[in-house]
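Visitor: Please take one strand of this chain and give me a close look at it. I would like to see its partners, its surroundings and the contacts that follow from there.

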Amino acid sequence: MKKTILSLCSIIILVSIVLYSQSGKTNNVEVSVEESTKFSEEEINEAVVAVKRKFREFQGCELTDLWYSEKKPNEFVEGYMKYGKGSTNGIKEENVIVLLSNFDVNSKGGDGSFEPNSTYSDWNWILVRDHDSGKWRVDDWGY
């Protein structure tokens with residue numbers, strides 16, 4: 001019985017290590033947040049946490065930079081509201097925030113959908129919430 005339990009624990013540990021090593025890394029990400037007229041620092045930091053959580057799904061990738069700036073992302077918000085999910089999901093524009101990032105991809109191309117041994121720059125993350133005090137969730141991402 002002890003051997004069975006020990007073997008089972010060993011298998012669980014090995015599987016955990018393999019899964020962790022393949023998940024997207026966010027440990028060393030450099031985060032910068034510009035002042036905002038739209039969102040509080042707390043709201044932006046909550047969006048940062050949501051992006052980091054989502055990025056863990058990006059196997060074989062490492063998030064290096066993540067930032068908020070009101071200048072460039074306004075274009076993404078407008079596109080999202082006119083042509084993206086924002087045109088159909090009922091989310092108000094004031095409940096949409098965009099963060100930008102850079103990340104590196106390993107030699108395997110992450111999960112196979114990215115260029116191996118590459119860096120993606122100005123990758124955008126569109127986050128939404130249902131109301132002013134709601135939790136941010138990543139709704140779209142890409143270039």
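Guide: One term comes before the tour: two strands pair if DSSP finds at least two bridges between them. A caution belongs here too: this is a predicted model.

The strand to look at is E4, residues 119-128. Place it in the chain before zooming in. The chain has three helices and five strands. Along the sequence they follow the pattern α-β-α-β-α-β-β-β. Buried residues make up 39% of the 143 residues.

Now the strand itself. Seven of the ten residues of E4 are buried, so the strand is largely enclosed by the rest of the structure. Its partners are E3 and E5. Eight bridges join E4 to E3, residues 96-105, and the two run antiparallel. Val 96 gives a point of reference, as it stands opposite Val 128 in E4. Five bridges join E4 to E5, residues 137-142, and this pair is antiparallel as well. Here Ile 126 stands opposite Asp 140 in E5.

One residue within the strand deserves a stop. Asp 122 lies in E4. Its phi is near 55 degrees, a positive value in a residue other than glycine. Most residues other than glycine have a negative phi. What is the exposure of Asp 122? Asp 122 has a relative accessible area of 32%, so it is partly exposed; the buried class ends at 20% and the exposed class starts over 50%.

Step back along the chain to the loop between E3 and E4, where Asn 117 lies. Asn 117 also has a positive phi, about 50 degrees, although it is not a glycine. Its relative accessibility is 60%, so Asn 117 counts as exposed.

Step forward instead, into the loop between E4 and E5. Arg 129 is found there. The side chain of Arg 129 meets that of Glu 43 in a salt bridge, with N and O 2.8 Å apart. Glu 43 belongs to helix H2, residues 41-55, so the pair ties together parts that are 86 residues apart in sequence. Are the two partners buried or exposed? Arg 129 has 3% relative accessibility, so it counts as buried. Glu 43 stands at 16%, so it counts as buried too. Side chains of opposite charge can pair when their charged atoms come close.

The structure holds four salt bridges. Another of them touches the partner strand E5. Lys 85 forms a salt bridge with Asp 139, the closest N and O atoms being 3.9 Å apart. This pair links distant parts of the chain: Lys 85 sits in the loop between helix H3 (73-83) and E3, Asp 139 in E5, 54 residues apart. The two ends differ in exposure. Lys 85 has 42% relative accessibility, so it counts as partly exposed. Asp 139 has a relative accessible area of 16%, so it is buried. A further salt bridge joins the side chains of Glu 57 and Lys 54, at 2.9 Å from N to O.

Turn now to the other partner strand, E3, residues 96-105. Cys 61 and Val 105 are 44 residues apart in sequence, yet their C-alpha atoms are 4.5 Å apart. Cys 61 is in strand E2. At 2% relative accessibility, Cys 61 counts as buried. A second contact in space involves Lys 72 and Val 98: 26 residues separate them in sequence, and 9.2 Å separates their C-alpha atoms. Lys 72 lies in the loop between E2 (61-68) and H3. It has 35% relative accessibility, so Lys 72 counts as partly exposed.

Last, the surface. Which residues gather in a patch of negative charge? They are Glu 75, Glu 78, Glu 93, Glu 94 and Asp 132. Glu 75 sits in helix H3. Its relative accessible area is 55%, so Glu 75 is exposed.

To close, return to E4. It pairs with E3 through eight bridges and with E5 through five. Seven of its ten residues are buried. Asp 122 is the residue with a positive phi to check in the view. The loop that follows holds Arg 129, which reaches Glu 43 in helix H2.

Conventions:
Residues are numbered from 1 along each chain as its sequence is written. This is a predicted model: local features need pLDDT of at least 70, side-chain atom pairs count only at pLDDT 80 or more; totals for chains, interfaces and linings use all residues. Side-chain values use heavy atoms; hydrogens and water are left out. Buried means under 20% relative accessible area, exposed over 50%, partly exposed in between (1.4 Å probe, protein chains only). Helices (H or I, at least four residues) and strands (E, at least two) are DSSP runs, numbered from the N terminus. Patches are made of residues with over 30% relative accessible area and no salt bridge: like charges are joined within 9 Å, nonpolar side chains (Val, Leu, Ile, Met, Phe, Trp, Tyr) within 5 Å. Accessible areas come from the Shrake-Rupley method with a 1.4 Å probe; for residues, only the protein chains shown count as cover. Lys and Arg count as positive and Asp and Glu as negative; His and the chain ends are not counted. The place of a charge is taken as NZ of Lys, CZ of Arg, CG of Asp or CD of Glu.
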